[in-house]
Amino acid sequence: MKKTFTILSFITGITLNLMAQIPGNPIGGIIVKGGKNPGGSSIISLSGGITNPSSPTKQHAKINNGYAFGASIYVPLFAKGGNDNLAGKTEHFFSVGPNAGGEYFGSNKDYDISGFTPYNITGQSSSPSLATKGSGSPKVQGFKAELGVQSNFSFGRVTISPILNAAYLNLKQQAFAITQSNSVNGQNRDFNLYTQTETKTSGFAFVPKLRLAYFPGKLGVFVDGNYTIGPSLKNETTTFTPQGVADAKGFYSIDQMLTGSNIATVKSTKYNSLGFNFGLNLALGKSINEKGVKRTTTVPQTKSITEKAIKTPENRNETVKNPNKNCNEYTAPEILIPSDAAHIQIDNGRLVIRYKKSNALFLNYKILVWRENEGRKELIHEKIYPNNFNGTIEGLKLAKGKTENLTIQLQAIATENTDYPNIKGDKAAYQKANCTTFRNNGFSNTINISSNSNACSPEYSFNITKAECIEKGKIKVTGNYTITLPTATTGTLNLSAFTAEVNGNPVAISNATSNINPIPTGNIPSGIVQNFSFEIDGDAVCDQQLNIYYTVGSTIQCGPGTAPISNNILCVASYLKLPCCICNYCDKPENMSIKDISHSAGVAAGNNLNILQQISVGPKNISAITAELVSIKEFEVDEACKECRKKADGTINENEVYHFINSNTAQWATGSPMPASSGNSNNSFPAKILEWQTNSKGTIDFNLTLALPGTSSLSCCERHGQICIRYSFTDIECKTCNILVCYTY
């Protein structure tokens, strides 16, 4: 299924860049003969797929994953075709109307028996075995009759369809038993540990869906996801328990097994199920966009899509706006103009530039280099570098000893986030890979430099070997370099303009060894390894890339009787991922301060525990809060006082015990009460975790309710214990800190 979505996403991107004149695509509000937009036609759909019931449905009703086959019809009653061109290629159409259909679903998957433990019996010849015995196939089957509303958003051949249907659901589940088999004293013995009678359920359901379709013609394909919120299933179950307790070895006698008890229970579970379908669409009749469509006529395009201008640095700066207002626009890179742009040394085809990165996360950089040739600019280098590009351009083919006038430009190119899985996104630069635009179309400024490649220049290597955390949040960087004069030459060497940068921003260095400070001419011996180290502040550079820029200077006499040649080569070395040296974000009050101001707990009516908690949190706004029940300790209580928790109607309700139940709120000092949502996967109560979404700080009051076990009505009976709750706060910087509070009742 994941592969299918990937293919359709790729098709969507290709479609949005095709010519509007393809049959089926409108041009400037004019209907094209030879085809219609299927998104505005009546559509018959046939599908097959899988069903995946929710965890409570699987656990309590014993309904497993299954299969589904369905059919539906969509009839648009209203459509609109505007002039909202997508990248100037296709017209955007919208339609809405009723959707009706049906679905048959079933499951014949074996029941999970891993949660059942057989009983060992004295005299057994081998360990007992478990098996499931049913009375029919398929084990589960049912159908849904659906009616609701569908809206289509069509982009050329691709249509996205949100659907909301009400449904009548009918389900039948065959009776079954989980049976233990033993050979005891030479006789075969079977005991039904768990039985469930035949279940028939019918009722109303809601079925939201999201469908993605592709129409190469009237016949198309689609994938969709849906979630069925159905009626309650009432299952009559019986659980077997041997008489008395096992012996010291954990065995029961055959008499204990034969006189054991069967406890009958009625379970009520909501039927909820996630579904995925793949199918075929058939568009019927004429497109609705031929009449009754509100549309604005636009001026047809006069240029063919094949007409492309040859871009040079002078005409690359036209910005094309993405009409999708939900897309994010990111900065273009910026090349920093070197102070000595009139004379840049190129070493063996390698040139280093310094630049500021785009603030997008998932991107590559295209490097363009032009050379001036007889008054014209000739493109001599075009290459794509990864997002950790440190400014080193390699492979420039320039003649030795000749001065060249070069023009350099960068372009940011968006990529998929899967290309860089190790990058951690943040809210400031979150990027939708298929919805990214850059200022100036991603093109940087251009710089013009005068460069040469001398016949003889020094050889050099510069390596950062380690970056490690030391005391007080500092990072110690160590490495080595070697600078060597060419063979059979004489001269002097020096190192200057040493600068450390993280993400294009200079960082201060301290405790540097003397051999990376500006070195006077003649003080660097040729061919000798120089070890160095320095320190930087580690607070704001966690997981970031470190670049070290430096200039290798030399004055070299290449041969007897020749004039000395001076070289100043800008170089760079990189360390891709600096360590994280902040011991604990939560230890610093300037990051987050959480204080327990007051709290109390008391037993309320209905065997519930009411908790009142006041907490102060800041200094940054809090975006999310959770309250998690992490510890429960019940003090000794007389057996006569213990009872099962029951609902108002007297039915047993043990699944609520030691859980939050509905009606839990949090309230900022200047706000209104905020109801909690459940941390369960199905967002229902009872729950062990509560969640709130917010955007505030200061003092917050919690009013929470937990369910306690049942207690006898005898006047001498009370329950006492201790419950601990962890309150976690996530600030707007996506950092989470917590406080643990325990309550005695």
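## Exercises on strands, cores and surface

One open sheet has 4 strands in the order β30-β29-β32-β33, paired antiparallel. Its edge strands are β30 (505–506) and β33 (565–575), and each of them pairs on one side only. Strands are DSSP E runs of at least two residues, helices are H or I runs of at least four, and both are numbered from the N terminus.

The model is predicted: local features need pLDDT of at least 70, side-chain atom pairs count only at pLDDT 80 or more, and totals for chains, interfaces and linings use all residues. Residues are numbered from 1 along each chain as its sequence is written, and side-chain values use heavy atoms, with hydrogens and water left out.

**Exercise 1. State how β29 and β30 pair, and find the bridge partner of Val502.**

Step 1. Recall the rule: two strands pair if DSSP finds at least two bridges between them.
Step 2. Locate β29 at residues 490–502.
Step 3. Count its bridges to β30: there are 2, in the antiparallel sense.
Step 4. Val502 has Asn505 of β30 as its bridge partner.

**Exercise 2. Describe the protein chain as a whole: its elements, burial, contacts and surface.**

Step 1. The chain holds 3 helices and 43 strands.
Step 2. Of its 745 residues, 43% are buried. Buried means under 20% relative accessible area, exposed means over 50%, and partly exposed lies in between (1.4 Å probe, protein chains only).
Step 3. Take contacts between residues at least 6 apart in sequence; 74% of these join residues at least 24 apart. A contact is heavy atoms within 4.5 Å.
Step 4. The exposed area is about 38100 Å², and carbon and sulfur atoms supply 53% of it. Such areas come from the Shrake-Rupley method with a 1.4 Å probe; for residues, only the protein chains shown count as cover.

**Exercise 3. Place Asn463 in the fold and class its exposure.**

Step 1. Asn463 sits in strand β27, which spans residues 459–469.
Step 2. Asn463 is partly exposed because its relative accessibility is 36%.
Step 3. Leave aside neighbours within four places in sequence; Asn463 then touches Gly479, Asn480 and Phe532.
Step 4. Ile548 is 85 residues away along the chain, yet its C-alpha atom is 9.9 Å from that of Asn463.

**Exercise 4. Identify the largest nonpolar core and the elements that build it.**

Step 1. Apply the rule: a nonpolar core is a set of buried Ala, Val, Leu, Ile, Met, Phe, Trp, Tyr and Cys residues joined through side-chain atoms within 4.5 Å.
Step 2. The largest such core has 34 residues, and Trp692, Phe702, Ile725, Tyr727 and Phe729 have the most contacts inside it.
Step 3. Two or more residues each come from β35, β37 (665–668), β40, β42 (721–731) and β43 (736–744).
Step 4. The largest share, 8 residues, belongs to β35.
Step 5. Apart from this core lies another, of 31 residues, including Phe498, Ala500, Ile556 and Leu578.
Step 6. Return to Trp692. Beyond four places in sequence, its contacts include Ile625, Met674, Phe702 and Leu704.

**Exercise 5. Trace the nonpolar surface patch and class Leu282.**

Step 1. Patches are made of residues with over 30% relative accessible area and no salt bridge; like charges are joined within 9 Å, and nonpolar side chains (Val, Leu, Ile, Met, Phe, Trp, Tyr) within 5 Å. A salt bridge is a side-chain nitrogen of Lys or Arg within 4 Å of a carboxyl oxygen of Asp or Glu.
Step 2. The patch covers about 830 Å², and its members include Ile44, Leu46, Phe78 and Leu282.
Step 3. β1 (42–53) and β14 (261–284) each supply at least two of its residues. β14 gives the most, with 3 residues.
Step 4. Leu282 lies in β14. Its relative accessible area is 36%, so Leu282 is partly exposed.

**Exercise 6. Check the backbone for cis peptide bonds and for positive phi at Lys62 and Asn511.**

Step 1. Gly618 and Pro619 are joined by a cis peptide bond, with omega about 5 degrees. Pro619 is in strand β35 (residues 608–634).
Step 2. A cis peptide bond also joins Phe685 and Pro686, with omega about 5 degrees. Pro686 lies in the loop between β39 (677–678) and β40 (689–707).
Step 3. Lys62 is not a glycine, yet its phi is positive, about 60 degrees. Lys62 is in the loop between α2 (55–61) and β2 (66–74). It counts as buried because its relative accessibility is 16%.
Step 4. Asn511 is not a glycine either, and its phi is positive, about 50 degrees. Asn511 is in the loop between β30 and β31 (530–537). At 58% relative accessibility, Asn511 counts as exposed.
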